[in-house]
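Here is a structure to reason through, one label at a time. Each turn asks what a term rests on.

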Amino acid sequence: MTTLISKVRVPNDPNFPGFPVPDDGATGVDPNILTWDSGLEAKKRDVYFGTDPEDLALLAEDLLSPSVDLVNILGDYLDSCTTYYWQVVETNEPNTPTWERASLVWSFTTKMMADVNGDNFVSLEDFSQLASHWLESPCAGDSWCSGADINRSKEVNKEDLDLLILEWLYTCP
Ligand SMILES: [Ca+2]
Ligand SMILES: [Ca+2]
């Protein structure tokens, strides 16, 4: 059994995972995918994720590249106006790692999911965008039928309309 050596980070140390996307502290975002720059010589990566920075859950492990398909792994859409936290832990040798290096705990805050056009207000413009994609399927990839598939179910239908009504005339605090 090898004992892992956890190295102590210094700011912007290229040995550590850094430069998260979305940016640390970004607001009004709705990311499908989380990416970052790997530390030097990192071979595998685990990602931890959640709404409590003190209690993050393992989202994905043994990733070969610095990218995680957030929405597909969750199998769900993100909550509106919610701050999520995430942290990356990288190791060198996949099977017998001699070190692991953790990123800082990064965060981002989501927009309202029903704010299709991203102006931080749920209004007629969002409704008309939803209507223009009505019953479109399958919505996938990065755009989710231009955001009209509010709940990321891959179809624009009444469920999305219900979510829009729920957030009608609402802005994130
Ligand atoms: Ca809007
Ligand atoms: Ca949908």
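**Strands, helices and cores**

In this predicted model, Glu-90 has Arg-101 of β9 opposite it.

Q: What makes β8 and β9 a pair, and how do they run?
A: Two strands pair if there are at least two bridges between them. β8 and strand β9 (residues 99-102) are joined by three bridges. They therefore count as paired, and they run antiparallel.

Q: What makes β8 and β10 a pair?
A: Four bridges link β8 to strand β10 (residues 106-110), in the antiparallel sense. The cut-off is at least two bridges. Tyr-84 stands opposite Phe-108 in β10.

Q: How do you know that β5 pairs with β8?
A: Seven bridges join β5 to strand β8 (residues 83-91), and the two run antiparallel. At least two are needed. Opposite Tyr-48 stands Gln-87 in β8.

Q: What connects β5 to β6, and how many bridges pair them?
A: A hairpin of six residues makes the connection. Strand β5 (residues 44-50) pairs with β6 over four bridges, antiparallel. Val-47 has Ala-60 in β6 as its bridge partner.

Q: Why is β6 said to lie largely in the open?
A: A residue is buried if 20 or more other C-beta atoms lie within 10 Å of its own. Strand β6 (residues 57-63) has seven residues, and the number buried is zero, so the strand lies largely in the open.

Q: Why are β2 and β7 placed at the edges of their sheet?
A: The open sheet has three strands, in the order β2-β4-β7, with antiparallel pairing. β2 (18-21) and β7 (67-68) each have a single partner strand, so each has one side without a neighbour in the sheet.

Q: What makes β4 and β7 a pair?
A: Strand β4 (residues 34-37) and β7 share two bridges, in the antiparallel sense. The requirement is at least two, so the pairing is met. Val-68 in β7 is the bridge partner of Leu-34.

Q: Why are α2 and α3 called roughly antiparallel?
A: α2 and helix α3 (residues 158-166) pack at an angle of about 180 degrees, their axes 11 Å apart. Angles over 145 degrees count as roughly antiparallel. The two helices therefore earn the label.

Q: Which residues meet where α2 and α3 pack?
A: From α2 come Asp-126, Phe-127 and Leu-130. From α3 come Asp-160, Leu-161 and Leu-164.

Q: Why is Ser-132 called partly exposed?
A: Ser-132 has 13 other C-beta atoms within 10 Å. Exposed means 12 or fewer, and buried means 20 or more. The count falls in between, so Ser-132 is partly exposed. Ser-132 belongs to helix α2 (residues 124-132). Its C-alpha is 10.0 Å from that of Ser-146, 14 residues apart in sequence.

Q: Which residues have the most contacts inside the largest nonpolar core?
A: They are Ala-114, Leu-130, Cys-145, Ala-148, Ile-150, Val-156 and Leu-164, in a core of 13 residues. A second, separate core has eleven residues, including Trp-36, Val-47, Tyr-84 and Trp-106.

Q: What does Ile-150 touch beyond four places away in sequence?
A: Ile-150 touches Met-113, Ala-114, Asp-160, Leu-163 and Leu-164.

Q: Where do the two domains lie in the sequence, and what separation do their centres have?
A: Domain 1 covers 18-110 and domain 2 covers 124-166. Their centres, taken over C-alpha atoms, are 27 Å apart.

Key:
Residues numbered from 1 in each chain as written. Chains lettered and ligands numbered in written order. Predicted model: local features only at pLDDT ≥ 70, side-chain atom pairs only at ≥ 80, totals over all residues. Domains from an automatic or database assignment. Core = buried A, V, L, I, M, F, W, Y, C linked by C-beta atoms within 7 Å. Contact = placed C-beta atoms within 7 Å. Axes fitted to C-alpha atoms, helices over the stretch in contact; angles between N-to-C directions. Parallel < 35°, antiparallel > 145°, perpendicular 65-115°, else oblique.
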